[in-house]
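User: I am new to this structure and would like to go through some of its residues. Please take my questions one by one.

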Amino acid sequence: MRCHKCPQRAVIRMRQHRLALCKDHYPQWFIEQTQRFIEKYRMFTHQDRILVAVSGGKDSLALWDVLWQLGYEAEGLYINLGIGGEFAYSDESQQAAQKFADQRRLKLHIYHVEERRGESVPAIALRTHRGRQKPCAVCGLIKRHTMNQMARQLGFSVLATAHNLDDEVSFLFGNLLSWNLRQIPRQSPVLEAEEGFVRKVKPFIRFSERETAAYSIVRGIEYIEEECPFAEGSKQLQYKDLLNRLEEQQPGVKLRFLLGFFNAMEQGFIHPIEDEQGEVILNPCPSCGQPTSTGDLCATCRLFEEN
Ligand code: Q46
Ligand code: ZN
Ligand code: ZN
């Protein structure tokens, strides 16, 4: 198969776009598309300071690489969760992120959960759930809390995460399956800044995992291929698998599903549920200062308080 723009061999064929590109034209296309999404959804400008949440995997390192190439002021944040196992997942991922940053002379901020909080994420989960559940709920809470806290403390105006099309579509699909009506309207390429919350953006929301992986490989990015050991067997992976099988039969179905949802949101067919009492009142958490609706410690600080 040939590149659609030159006689070279194509490295990727994207059936949903009816496009095949070579090792030179593919990264160019990928970077231009990202810039288009950033503008279309008014994510940020060259005046913003952007904190990119990096995990050491293909998506987040690709995102940081693209923002760097586009000349944005983007620094990285790695949260070491203390996840080990046969493959020292967190430490290996941190090393990959650090190496990436060093090669480009970019600044990587590291937040080590165990060093800062005295316990790793699996240990916290074990204590709070007595090992009955995977640590993912606790992990998600701590990551979201830490990303917002670090972005604010370090003076960034925007927090960028590398959620891709597969992440978003499987998340939406899962929320629809369980009719999670509160969560559904919150899924968006941009979450505006609110009192105590930094603006959150997802510039890769239209790229599939296959496309971000192809970009990382073509650019020679040394990313961690291993998934977190706790991801195995998760519902999100089951949904991704199912949706990929559908995509095989119906190229473009994932993208149409997500964009159709965003259109419906924009046109006001789907809107956030107002609480009966009207707006939720947020107060600063007495321990960390982040906004919370509990009137006392926020959910993350409560996890540590129980210790
Ligand atoms: S939530 Fe769960 Fe992930 Fe945390 S424990 Fe691993 S799989 S890293 S996206
Ligand atoms: Zn080409
Ligand atoms: Zn708190």
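User: Is K235 buried or exposed?

Analyst: This is a predicted model, and in it K235 belongs to helix α9, which covers residues 235–249. A residue counts as exposed when its relative accessible area is over 50%. K235 has a relative accessibility of 57%, so K235 is exposed.

User: What distance separates the C-alpha atoms of K235 and P7?

Analyst: Along the chain, K235 and P7 are 228 residues apart. In space, their C-alpha atoms are separated by 42 Å.

User: Which residues are the protein donors of the zinc ion (ligand 2)?

Analyst: The donor atoms are SG of three cysteines and ND1 of a histidine, lying 2.1 to 2.4 Å from the zinc ion (ligand 2). In sequence, the donor residues follow the spacing C-x2-C-x15-C-x2-H. C3 is in the segment before β1 (12–14), and C22, 19 residues apart from it, is in the loop between β2 (19–21) and α1 (25–40), so to speak a link between distant parts of the chain. The donors are C3, C6, C22 and H25.

User: What is the geometry of the site of the zinc ion (ligand 2)?

Analyst: Four donor atoms count as tetrahedral if all angles lie between 85 and 135 degrees. Among the four donor atoms of the zinc ion (ligand 2), the angles are 102 to 115°. The site is tetrahedral.

User: Why does E119 count as buried?

Analyst: E119 is found in the loop between α4 (113–117) and α5 (121–129), and its side chain makes a polar contact of 2.8 Å with that of R127. Buried means under 20% relative accessible area. E119 counts as buried because its relative accessibility is 11%.

User: Where is R42, and what is its phi?

Analyst: R42 lies in the loop between α1 and β3 (49–54). R42 is exposed, with a relative accessible area of 69%. Although R42 is not a glycine, its phi is positive, at about 45°.

User: Which residues form a nonpolar patch on the surface?

Analyst: One member, W179, is in the loop between α7 (165–177) and β7 (190–191); W179 is exposed, with a relative accessible area of 61%, and has a positive phi of about 45°. Another member, I273, sits in the loop between α10 (253–266) and β9 (283–284) and counts as partly exposed at 40% relative accessibility. Together the patch has about 350 Å² of accessible area, and its residues are W179, L181 and I273.

Definitions and conventions: Residues are numbered from 1 along each chain as its sequence is written. Chains are lettered from A and ligands numbered from 1 in the order in which they are written. This is a predicted model: local features need pLDDT of at least 70, side-chain atom pairs count only at pLDDT 80 or more; totals for chains, interfaces and linings use all residues. Side-chain values use heavy atoms; hydrogens and water are left out. Helices (H or I, at least four residues) and strands (E, at least two) are DSSP runs, numbered from the N terminus. Buried means under 20% relative accessible area, exposed over 50%, partly exposed in between (1.4 Å probe, protein chains only). A polar contact is a pair of N or O atoms within 3.5 Å; within protein, one must be able to donate a hydrogen and the other to accept it, and residues adjacent in sequence count only if both atoms are side-chain atoms. Donors are N, O and S atoms within 2.8 Å of the metal (3.2 Å for Na, K and Ca); water is not among the atoms, so sites may look incomplete. Four donors count as tetrahedral if all angles lie between 85 and 135 degrees; four count as square planar and six as octahedral if opposite donors are over 155 degrees apart and all others between 65 and 115; anything else is irregular. Patches are made of residues with over 30% relative accessible area and no salt bridge: like charges are joined within 9 Å, nonpolar side chains (Val, Leu, Ile, Met, Phe, Trp, Tyr) within 5 Å. Accessible areas come from the Shrake-Rupley method with a 1.4 Å probe; for residues, only the protein chains shown count as cover. A salt bridge is a side-chain nitrogen of Lys or Arg within 4 Å of a carboxyl oxygen of Asp or Glu.
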